[in-house]
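Hi there,

Here is the structure I said I would pass on to you. Have a look at it first, and then read on for my notes on what turned up in it.

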Amino acid sequence: MNTTRLSEAAPIDITKVRATVSRLLADDAELPTEDELETLLLQLRGNLMLLIPEVETTAAKLPKGDPVGHCARACIGEARMKLSVELPESFPRRVGYAQKLARVLRALADHFDTLDGESR
């Protein structure tokens with residue numbers, strides 16, 4: 001299992017996070033069923049809620065003006081904005097929302113990996 005711990009919180013399985021993202025964003029991704037979509041939405045939202053504080057805590061340790069930290073904080077803002085959006089009613093709009101969550105989660109996972117390398 002590929003887990004990383006940037007802080008004292010429980011480790012995050014970044015491999016599983018990326019697998020969830022791929023379920024929606026891979027070139028060969030198939031449209032999920034309604035039940036699958038509900039599960040994916042829960043996974044995406046949960047992963048974002050776990051990653052946001054991890055990335056935020058580590059980015060805060062970087063020197064002020066550091067471009068890596070600045071970029072990570074911008075991504076955190078985007079992730080929080082997406083989490084605050086009301087869940088759409090129709091299935092097609094829910095799929096689009098899930099894809100948006102997946103894209104911001106992928107970006108946050110990239111920052112997570114970058115910051116993990118910076119903290120070693």
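Let me start with a pair of helices: H1 passes H2 in a left-handed crossing. On the H1 side, the contact is made by Ile14, Val17, Thr20, Arg23 and Leu24. H2 brings Glu36, Leu40, Gln43, Leu44, Asn47 and Leu51 to that contact. Sorted by character, the residues where H1 meets H2 are 6 nonpolar, 3 polar and 2 charged. Helix H1 covers residues 14-25 and helix H2 covers residues 34-60; their axes come within 10 Å and cross at roughly 140°. That angle makes H1 oblique to H2, because only angles over 145 degrees count as roughly antiparallel.

Before going further, please keep in mind that this is a predicted model.

**The chain as a whole**

The chain has 120 residues, and 39% of them are buried. There are 4 helices and 2 strands, and along the sequence they follow the pattern β-β-α-α-α-α. Of the contacts with a separation of 6 or more, 70% are between residues 24 or more positions apart. The chain exposes about 7,100 Å², with carbon and sulfur atoms supplying 53% of that area.

**H2 and H3**

H2 also packs with helix H3, which covers residues 67-84; the two axes come within 10 Å and cross at roughly 150°. H2 and H3 are therefore roughly antiparallel to each other. Here too the crossing is left-handed, with H2 passing H3. From H2, the contact takes in Arg45, Leu48, Met49, Ile52, Val55, Glu56, Ala59 and Ala60. From H3, the contact takes in Gly69, Ala72, Arg73, Ile76, Ala79, Arg80 and Leu83. By character, the residues where H2 meets H3 divide into 10 nonpolar, 1 polar and 4 charged.

**Two residues of H1**

Thr20 and Arg23 both take part in the contact of H1 with H2, so I looked at each of them, starting with a question: is Thr20 buried or exposed, given its place in the helix? Thr20 sits in helix H1 and counts as buried, because its relative accessibility is 10%, and the cut-off for buried is under 20%. Setting aside neighbours within four places in sequence, Thr20 is in contact with Leu40, Gln43, Leu44 and Asn47. Those four residues are also listed for H2 in the contact between H1 and H2. Thr20 and Leu41 are 21 residues apart in sequence, with 9.6 Å between their C-alpha atoms.

Arg23, also in helix H1, counts as partly exposed because its relative accessibility is 27%. Leaving out residues up to four places away in sequence, Arg23 touches Ala29, Glu30, Pro32, Glu36 and Leu40. Two of these, Glu36 and Leu40, belong to the H2 side of the contact with H1. The C-alpha atoms of Arg23 and Leu40 are separated by 8.4 Å, and the two residues are 17 residues apart along the chain.

**Met49 of H2**

Met49 is found in helix H2 and is part of the contact with H3. How accessible is Met49? Its relative accessible area is 49%, so Met49 is partly exposed. The C-alpha atoms of Met49 and Leu105 are separated by 9.9 Å, with the residues 56 apart along the chain.

**Two residues of H4**

Helix H4 covers residues 91-118, and Arg94 lies in it. Which class does Arg94 fall into, buried or exposed? Arg94 is buried, with a relative accessible area of 16%. Beyond the residues up to four places away in sequence, Arg94 touches Leu37, Glu38, Leu41, Leu87, Pro88 and Glu89.

Leu101 has its place in helix H4 as well, and it is buried, with a relative accessible area of 0%. Which residues does Leu101 touch, not counting those up to four places away in sequence? They are Leu41, Leu44, Arg45, Leu48, Lys82 and Leu83. Leu101 and Leu44 are 57 residues apart in sequence and 6.5 Å apart in space, C-alpha to C-alpha. Leu44 is also one of the H2 residues in contact with H1, while Arg45, Leu48 and Leu83 appear in the contact of H2 with H3.

Happy to talk any of this through.

Best wishes

Conventions:
Residues are numbered from 1 along each chain as its sequence is written. This is a predicted model: local features need pLDDT of at least 70, side-chain atom pairs count only at pLDDT 80 or more; totals for chains, interfaces and linings use all residues. Side-chain values use heavy atoms; hydrogens and water are left out. Buried means under 20% relative accessible area, exposed over 50%, partly exposed in between (1.4 Å probe, protein chains only). Contact means heavy atoms within 4.5 Å. Accessible areas come from the Shrake-Rupley method with a 1.4 Å probe; for residues, only the protein chains shown count as cover. Axes are lines fitted to C-alpha atoms, for helices over the stretch in contact, and angles run from 0 to 180 degrees between N-to-C directions. Angles under 35 degrees count as roughly parallel, over 145 as roughly antiparallel, 65 to 115 as roughly perpendicular and the rest as oblique. A crossing is left-handed if the near helix is turned anticlockwise from the far one by less than a right angle, and right-handed if clockwise. Ala, Val, Leu, Ile, Met, Phe, Trp, Tyr, Cys and Pro count as nonpolar, Asp, Glu, Lys and Arg as charged, and the others, Gly among them, as polar.
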